[in-house]
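Hello,

Here is the structure I promised to pass on to you. Please have a look at it first, and then read my notes underneath.

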Amino acid sequence: MSEQTRKTDIELLDEIKGGNADAYEELILRYKDSVEATAMKYINSPLEKDDLIQEGMIGLLAAIRSYKNNKGAAFATYASRCINNSIKNAIRKVSRIKDIPPSSLVGLDEIALDAQHALSAEDEYLAKESVTSLTDILYEGLSRFENEVLRLHIIGCSYSEIAEKLGKNPKAIDNAIQRIRKKLSISF
């Protein structure tokens, strides 16, 4: 296809809404290099290159599904933001899992012993909903710094250890924990 007959992103998005699989593939191919370039910015993260690219592609697919032309942003801008956010979220998830102290991990033999106390399907669903609600409250209600302080506090770090890891003084950590307590008491 020559440059003169190349379809715009908006034309391709309209065709995708109409069910055109070729338009979908063309738009993905058009932004593949952008996904890879964005992924390379995070190459020193805990995720491997292929995982970063996959998360970026998930962000691109989300952008294609959710883009609204009447909101004022160009598709390229919107897609770039979705790609970047998808990769950052994946890195955050992996980083949270990596920081769990080994002493808090439960072995399979312990799980087998606790099977007799297993939750019903309804209780398990409600527990997952509660965790999801709490996670939303934490990430929407707390600043990035407060979330990091809370995460380190939960895994057992002292105020001075948190201060050292975050390059702050212990008083700043104490102030952050007081703000967190106040915000969380209002949320519940």
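Below is what I found, starting with the whole chain and then moving to details.

Please keep in mind that this is a predicted model. The secondary structure consists of 9 helices and 0 strands, so if you read along the sequence you will meet the pattern α-α-α-α-α-α-α-α-α. The chain has 188 residues, and 26% of them count as buried.

A good place to begin is helix H1, which covers residues 9–17. Which residues of H1 are buried? They are Asp9, Leu12, Leu13 and Ile16. Around the helix axis these four span an arc of only 100°, which means that they sit on the same side of H1. After H1 comes glycine 19, and its phi is positive, near 95°.

Next, please turn to the surface. Arg92, Lys93, Arg96 and Arg144 together form a positive patch there. Which helix gives the largest share of this patch? That is helix H4, residues 75–98, which contributes 3 residues. Lysine 93, one of the patch members, lies in H4. Is lysine 93 buried or exposed? Its relative accessible area is 52%, and because exposed means over 50%, lysine 93 counts as exposed.

If you want to follow this on screen, you could start with the buried residues of H1, Asp9, Leu12, Leu13 and Ile16, and then go on to the positive patch with Arg92, Lys93, Arg96 and Arg144.

Enjoy looking around, and write back with any questions.

Best wishes

Key
Residues are numbered from 1 along each chain as its sequence is written. This is a predicted model: local features need pLDDT of at least 70, side-chain atom pairs count only at pLDDT 80 or more; totals for chains, interfaces and linings use all residues. Side-chain values use heavy atoms; hydrogens and water are left out. Patches are made of residues with over 30% relative accessible area and no salt bridge: like charges are joined within 9 Å, nonpolar side chains (Val, Leu, Ile, Met, Phe, Trp, Tyr) within 5 Å. Accessible areas come from the Shrake-Rupley method with a 1.4 Å probe; for residues, only the protein chains shown count as cover. A salt bridge is a side-chain nitrogen of Lys or Arg within 4 Å of a carboxyl oxygen of Asp or Glu. Lys and Arg count as positive and Asp and Glu as negative; His and the chain ends are not counted. The place of a charge is taken as NZ of Lys, CZ of Arg, CG of Asp or CD of Glu. Helices (H or I, at least four residues) and strands (E, at least two) are DSSP runs, numbered from the N terminus. Buried means under 20% relative accessible area, exposed over 50%, partly exposed in between (1.4 Å probe, protein chains only). The arc is that of the directions from the helix axis to the C-beta atoms.
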